[in-house]
Amino acid sequence: MVPLIVKFCQTDDDELTEFCLQAFESFVRRCPKEVSDFIPDIVAICLKYICHDPNYNYDDDEDEHMDTDTQDDEDDEESEDEYSDDDDMSWKVRRSAAKCLEAVVSTRHDMLPEFYKTVSPALITRFKEREENVKSDIFHAYIALLKQSRPVVATGSDNLQDQEGPLKMLQSQIPDIVKAVHRQLKEKSIKTRQGCFSLLTELVLVLPGALDQHLSNLMPGVQYSLGDKNSSSNMKIDTLAFLSTLLSNHNHQVFHPHIKLLVPPIVNAVGDPFYKITSEALLVTQQLVKVLRPLDVTSNFEYKPYVKSLYICTVKRLKAADIDQEVKERAIACMGQIVANLGDNLQAELKECLPIFLERLKNEITRLTTVKALTLVAQSLLNIDIRFILEEGFPILASFLRKNQRALKLSTLQCLDVIVKNYGSAVTGNMLADVMKEMSPLINENDLHISQLTLNLLTTISRSHKQSISNIQSEILPQILVLVQSPLLQGGALSAVLEFFRALIALSLPRLGFRDLLQMLIMPVYDTRPSSGPIHRQAYHSIARCVAALTEMSPLEASSIVSQFVNDIKGTKSTEHIVLFSLLALGEIGKNIDLSPHGDIQNVILECFSSPNEEVKSAASYALGNVSVGNLPKFLPFVLQEIENQPKRQYLLLHSLKEIINCESSSQSGLEILKSYVKTIWTMLFHNCECPEEGTRNVVSECMGKLTLVDPHHLIGSLRQHLNDTSPLARSTVVTAIKFTISDQPQPIDPLLKMCIGDFLSTLQDEDLTVRRVALVTFNSAAHNKPSLIRDLLETVLPHLYNETKVRKELIREVEMGPFKHTLDDGLDIRKAAFECMYTLLDSCLDRLDIFEFLNHVEDGLKDHYDIKMLTYLMLVRLSNLCPLAVLQRLDRLVEPIRATCTTKVKAHSVKQEYEKQEELKRSALRAVIALLNITDADKSPQMNEFMSHIKATPELAAMYDSIQKDAMSLGQEIVSMDTS
């Protein structure tokens, strides 16, 4: 069919050509796979017809191009149809060509480099198009091209190198783009100028800093569009939105030559009677203030002439009480930025504007924005004097801590922390008393972020107002001690607790000394009364870290406290809980303090490896590793020797070694010490890489991976050599080790990994099932954390990945369990790993996938085991959002297996778990159905409509469907995110 339509395109009939191009557009959007082979021909035809304008000579137009600024209004109003002819239909052909190009560009991400070679220059030359509607479509086509460049760039610095080709081409074409747009920005047509600003905004988002060298060409156009006589309200709003993007994505210095031209129209826009223009202009002003005088870098720009005009226009909006809510909030935020960056030049004016902030604090609608603005001012490097509003402002801020609005509490805690840090001398005991009264209820496990900020504030207060802290024993400290026992305490909140205890003990307050605090912390562990109840296992770790923090601040007490814990471990009367805690505490203390003077502490810990309690064994392993960090030359040889001599304790000793490597590799000094032992540890690890227990092999792999990061140049080659080991266990250990070298942060090993990861992934063809499974897990880790490592290998890896999604009958076996026969599928784990990889690739490498091939395997997964069905439903939800057109083509085939799942009935007399699993399957299937229905035209599928009728006719499914739809609407999205790292 396509060759036939190509033939029709060669006629002189404009109407027929237009229809042909519309047909191509439909093919490209609806049948992207089938039309793939014809894309080069279609692009060539579009590029030919986008220039098809037989009745007009553009060369003459370029010669006679007039400057809009000097053009009289009368000339402006000359007929725009000067060159038009009622019978001229060629513009329709050009418009269809532009729309078809937009369709091609939007659906063929894989051809991006080619588009920048051929399509981009052609579109840029056509920005001069005379018909406004056609020009608008040409802009849309170019914006689509820029948008295609965005997703991969947006996934982080990791992928920038993969985009170098297209982005470098775009960078080289920027002068041409600016030259073409520069002329259009002076056009009378508002639609044309709006198209220009949309295009430039997208360009800046794709390539921040792209217009550094070209601002002098663009500024006259910006000024023109902000002028009253040349613009509508929407035109001004679009221009201001572009300016805001421009200011936030370029170096401040490039704007300094243009500030004189920019400030007057922006100040004018802030005073505009239309609230939307004012709102956008305030946002621009906020960005402009950061450009005028950035506080984080030195700048010699003379900003003072502009300070007053920006202040006056903003304060007028700040004072107004009858304006739009959005304008109020933006005026507050903008004034906050002005005071923070320019406040030292506004000493007299501060007396006027800061009291307005107090008024806005008292207003329920504006208080949150005002708190954020005050925080900005209080943390300014200019040390703005806000002391005169603190007496009235502090109690208001304190009262916010009891409000029910979480965002307000968070912002208020940050604001109070900054004020106490920077204006401590102006904060009195009475002011702080109001705040202290509100703190106790904020410290609990229900909201760890609020607890963390509250503890940060308490720490700040303790460092500057010792007296205010002295009475925390009655209410606040008990709450902190309860929080320490929470199983949820971790990360930032735990660090805040530790920092608070360090600050508290440094005060040497009565009844809050080392022994007092220690007693309070360890009471729950040593309390044997039945009424006290057991504490959660995680609490032992938290309490141990708190004890270590106290010990670190009181080195004179360290010896006695360590001796106490050693005696508790040895003591025959000690309960398992006390031994467990004492081991963890020794480990935490030993990290920072050398415990070698305490006799044979390593043997005391080693004795606990024989405990019947698994948790005690694990704690002993953790303790031995951390104590070794305190004195590596003494303890590391001991640990290595024990690993060789004690095969039964190998798993625990390897965990100790893992702790040593993790702790030491986190600091430069630790790395230097560790390097001298690398060879010995490496040899020992390879002695144990064929251990039959998978748990032990995993620890060996982790140790190998972390150690490889210490000396990548030598060790990665050694791992590579062992890929040819005859033992499948050794091969699986080596492949898993690579997983532990990959992180989402840039590392020195990355270039080496990129060179050799293909060799490790070649084990996807290994004859051993376990090796192939761990290769998939490693591949998934790379795709999730650092996609650039595997993007170029996908062409060779994907066939092997897809191969592992198939059900293999030879791996399914029947096992007799008493009178019953039970089916076991040994291939399920590897299929799950393969589908997890597929899910991850949707996030990180979508542009490198043949989506139709991908959908074939998703379709198979919809008929597979429970776990795999759950994964494929999640994939369908993602695919419906990412590539709706491809999914729409396969909709009828995808609906059938989903319908089969929803209509399956659980056998009578099945156990409760079977009913629950089937229920969860149906819920997931219906979530996928809702996502599929969100695709445009999905409701035109007969199968989908028939299935929807069935759902509505079945009360159980209808109720479930309605409930899921309500949940999706309340969340505002149907995307179910899943982390398969």
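Which residues in α26 meet which residues in α27? The legends below take that up, then move to other parts of this predicted model.

**View 1. Helices α26 and α27, side by side.** Helix α26 covers residues 514-526 and helix α27 covers residues 537-553. They pack at an angle of about 170°, and their axes are 10 Å apart. Angles over 145 degrees count as roughly antiparallel, so that is how α26 and α27 run with respect to each other. On the α26 side, the residues that meet α27 are Phe 514, Leu 517, Leu 518, Leu 521, Ile 522 and Val 525. Facing them from α27 are Tyr 540, Ile 543, Cys 546, Val 547, Leu 550 and Thr 551. Sort the residues of this contact by class and you get eleven nonpolar, one polar and no charged.

**View 2. Helix α26 again, now with α28.** Helix α28 takes in residues 555-570. Its axis and that of α26 come within 13 Å and cross at roughly 15°. Angles under 35 degrees count as roughly parallel, so α26 is roughly parallel to α28. As for handedness, α26 passes α28 in a right-handed crossing. From α26, Phe 514, Arg 515, Leu 518, Ile 522 and Tyr 526 take part in the contact. Their partners in α28 are Glu 557, Ser 560, Ile 561, Gln 564, Phe 565 and Asp 568. Here the residue classes come out as six nonpolar, two polar and three charged.

**View 3. A spot around Val 267.** Val 267 sits in helix α13, which spans residues 259-270. What does Val 267 touch once its neighbours within four places in sequence are left aside? Val 267 is in contact with Ser 309, Leu 310 and Cys 313. Thr 285 is another residue to find in this view: it lies 18 residues from Val 267 along the chain, and the two C-alpha atoms are separated by 8.0 Å.

**View 4. Two assigned domains.** The domain assignment gives domain 1 as 251-384 and domain 2 as 853-980. How far apart do the C-alpha centres of domain 1 and domain 2 lie? The answer is 50 Å.

**View 5. The stretch with a UniProt label.** An unreviewed UniProt entry annotates residues 789-952 as "domain: TATA-binding protein interacting (TIP20)". In the model, that span is 65% helix and 7% strand. Pick out the end C-alpha atoms of residues 789-952 and you'll find them 47 Å apart.

Key. Residues are numbered from 1 along each chain as its sequence is written. This is a predicted model: local features need pLDDT of at least 70, side-chain atom pairs count only at pLDDT 80 or more; totals for chains, interfaces and linings use all residues. Side-chain values use heavy atoms; hydrogens and water are left out. Domain bounds come from an automatic or database domain assignment. Axes are lines fitted to C-alpha atoms, for helices over the stretch in contact, and angles run from 0 to 180 degrees between N-to-C directions. Helices (H or I, at least four residues) and strands (E, at least two) are DSSP runs, numbered from the N terminus. Angles under 35 degrees count as roughly parallel, over 145 as roughly antiparallel, 65 to 115 as roughly perpendicular and the rest as oblique. Contact means heavy atoms within 4.5 Å. Ala, Val, Leu, Ile, Met, Phe, Trp, Tyr, Cys and Pro count as nonpolar, Asp, Glu, Lys and Arg as charged, and the others, Gly among them, as polar. A crossing is left-handed if the near helix is turned anticlockwise from the far one by less than a right angle, and right-handed if clockwise. UniProt positions are given in the numbering used here, feature names are shortened, and annotations may be inferred rather than shown by experiment.
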